[in-house]
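The following report describes a two-chain complex for readers who work with atomic models. Please examine the sequence and the structure before reading on.

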Amino acid sequence: MNKNQILKFFGYKLIRFVILMIAVAIFSFVLLDLSPIDPVSAYLKGAAVSESQRAILESYFGVNVPLTTKIYHWLVQLIQGNLGTSLIYRAPVTDIILEKFCASAVLMGLSWLLSGVFGFLIGIVAGKNKGSWIDKAVKVYCYAIQSAPSFWVGMLILMVFSIYLGWFPIGFGVPIGVKSTDVTFIDWASRLVLPTLTLSLVGLAPIAMYTRNELIQVLSSDYVLFAKSRGEKGWDLIQNHGIRNILLPAVTLQFLSFSELFGGAVLVEQVFSYPGIGQTAVAAGLQNDVPLFLGIVVVSAIFVFVGNLLADLSYYLIDPRIKESEFSD
Amino acid sequence: MIKKNKGDDKKQWFLYHANLRTKTIVIILISAIVIVSIFIASTFIKDLPTHFINANQMPSFEHPFGTDWMGRDMFQRTIAGLGLSLIVGFIASAISTLISIILGLLSSFNRFADEAVAGVIDLFGSIPHIILIILISIMFGGGVLGVVMGVGLTHWTPLARVLRSEVKEIRTKEYIHLAENLGKSKIWIATKHILPLIVSQIIVGVILMFPHAIMHEAAITFLGFGLPPHEPAIGVILSESMNYLASGSWWLAFYPGISLLIVVLLFDLIGENVEKLLNPETAQE
């Protein structure tokens, strides 16, 4: 292990991160600047003001400032961590994003973990019993769920568990009439179950399919044939030759799914009215809250980047072969 | 293992003996006929009559998908919605394909162009897809245009990535160097020597792009961006049915969703089978 190599790796990633973030920030800013949203009207929301007041607001929002100056200001403020004030919440964007993102992080983290573990297990079971009814059922399930819109899956789950069975509340992060700070853990957890279930059921399909196909490929390889001829069989064989080979790419794939995870969270939060970052993004988009939306774009890009970075890291840290070849030469 | 599969192929399949090629073509044709008939049927559905007497009826023979709160037949609304989704998906795929072909060919020009294309692909891949669609649809001011452009301008990345790596490989071929030495322009090489070789990738990529485009169109209209509430788009129907879930009108959400799922599956089926036919490794089985 060479410290220099590690530093080089992180240095390279850091430079990439900075360049990508600047690109994302400029790109999203220019897109929203080109949009027909008028910041003053979005701020006023139809309230009547006199011409002179409007002129003051226009100069405050910088309506007639050239685009390059605006981008420069936006980048400088972004580096200082100031994302402006949200027009819906009338509070600093960073505070809102922090609060909402924490709520979403619980949802996304749990579903990420559950879908990864169960997807992998189901994939192993299906791959081991290739051609059996279990395998066929898994395949049908995966194809169907990958072709189904995730919000529709959420609606079905909501219908079954909340309305027909009545096991869980229909939505909202907290019960009506209770302050968000007073909510009990049970109340909060019971509202987390169904969104997590939906996201896990949807997220499990790609990883299960991948694991299944990889396992079938491994099992038809020559070294498994050799292992079989030595007398290995059953779960020992799967454990020694299958799981060892498949686990790492599966973990990597799961890390690379952060982008879909975020997208799924946006839709599922909308269905279950879960007060997370996805719902906030939709509200910001629909109500022309440009500062909040820009902030969410940047945060989501960071989120995806972290996923990709972890995927790379998992390769570097877990796989002994790559560690040797990359770090020793 | 392979022997067994070949034996299976020779077995009777439905009505007569068929090899893989016939099977694939039959599957493609049946799926295509279903999709085209949905599309044609949707063009005949213009204004749906409202019958408030028949409001909120369960599915029956008369109304296979039930009726909504205004007494409109949900089956007809669903078909109309699917037709709209198909149109949006078609336009969006056309835009995305065009972008990926242009970028793929552009990457053949020189190292700098290649790096630039890779950078743009990375940029589009770094923002979650649904957020990116919202961003672009806001830029176009929402509405139908916003949805079409939002979906169309974001689905080119996978195909562009494939084309770029294909182009990279083709560029190392000798006849490309020969053409360069003969003084042919970059554009001439790109269109005459590279484009014909990537056509099969483009066809498969387009068909597999379609279902994604339709799903994202449904998602974005479900969230409330774009189409007005009276348009019978699948996303609009589903978001409207959210209001009636609590009263037990399950058919309002169930049938439109499952119809969308079937259409998406049919496109996947067509894509996979076309890929089988175009890929020389599997086409001769």
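In chain B, 66% of the contacts with a sequence separation of 6 or more join residues 24 or more positions apart; two residues are in contact if their C-beta atoms, placed from the backbone, lie within 7 Å. In chain A, 74% of the contacts between residues at least 6 apart join residues at least 24 apart. This is a predicted model, in which local features need a pLDDT of at least 70 and side-chain atom pairs count only at pLDDT 80 or more, while totals for chains, interfaces and linings use all residues. Residues are numbered from 1 along each chain as its sequence is written, and chains are lettered from A and ligands numbered from 1 in the order in which they are written.

The two chains are summarised below. Helices (H or I, at least four residues) and strands (E, at least two) are DSSP runs numbered from the N terminus. A residue is buried if 20 or more other C-beta atoms lie within 10 Å of its own, exposed if 12 or fewer, and partly exposed in between, with C-beta atoms placed from the backbone.

| Chain | Helices and strands | Buried share |
|---|---|---|
| Chain A | 14 helices, zero strands | 34% of 329 residues |
| Chain B | 13 helices, two strands | 44% of 285 residues |

**Interface and core**

At the interface, 36 residues of chain B are in contact with 39 residues of chain A. On the chain B side, the elements that give two or more residues are helix H4 (111–125), helix H5 (129–139), helix H10 (199–223) and helix H12 (250–278) of chain B. By class, this side has 28 nonpolar, six polar and two charged residues. Here Ala, Val, Leu, Ile, Met, Phe, Trp, Tyr, Cys and Pro count as nonpolar, Asp, Glu, Lys and Arg as charged, and the others, Gly among them, as polar.

A nonpolar core is a set of buried Ala, Val, Leu, Ile, Met, Phe, Trp, Tyr and Cys residues joined through C-beta atoms within 7 Å. The largest one has 138 residues, of which A:Ala208, A:Ile296, A:Val297, B:Ile131 and B:Ala219 touch the most other members. H12(B) provides the largest share of this core, 14 residues. Apart from residues up to four places away in sequence, A:Val297 touches A:Val24, A:Ser28, B:Ile127, B:Ile131 and B:Leu135.

**Selected elements**

In H10(B), 19 of the 25 residues are buried, so this helix is largely enclosed by the rest of the structure. Its end C-alpha atoms are 36 Å apart, in agreement with the 36 Å expected for 25 residues at 1.5 Å a residue; the expected span is 1.5 Å times one less than the number of residues. B:Gly224 follows H10(B) and has a positive phi, near 105 degrees.

A:Gln279 is found in helix H12 (residues 277–286) of chain A. This residue counts as buried because it has 24 C-beta neighbours inside 10 Å. Beyond four places in sequence, A:Gln279 is in contact with A:Glu269, A:Gln270, A:Ser273 and A:Tyr274.

**Confidence**

The predictor gives the complex an ipTM of 0.85 and a pTM of 0.84. Chain B averages a pLDDT (the predictor's confidence in each residue, from 0 to 100) of 80, and 82% of the residues score at least 70. Within chain B, confidence is highest in H5(B), at 89, and lowest in helix H1 (residues 2–10), at a mean of 44. Over residues 1–10 of chain B, pLDDT stays under 50, and the model has four contacts beyond four places in sequence for them. Where pLDDT is low, the predicted coordinates should not be read in detail.
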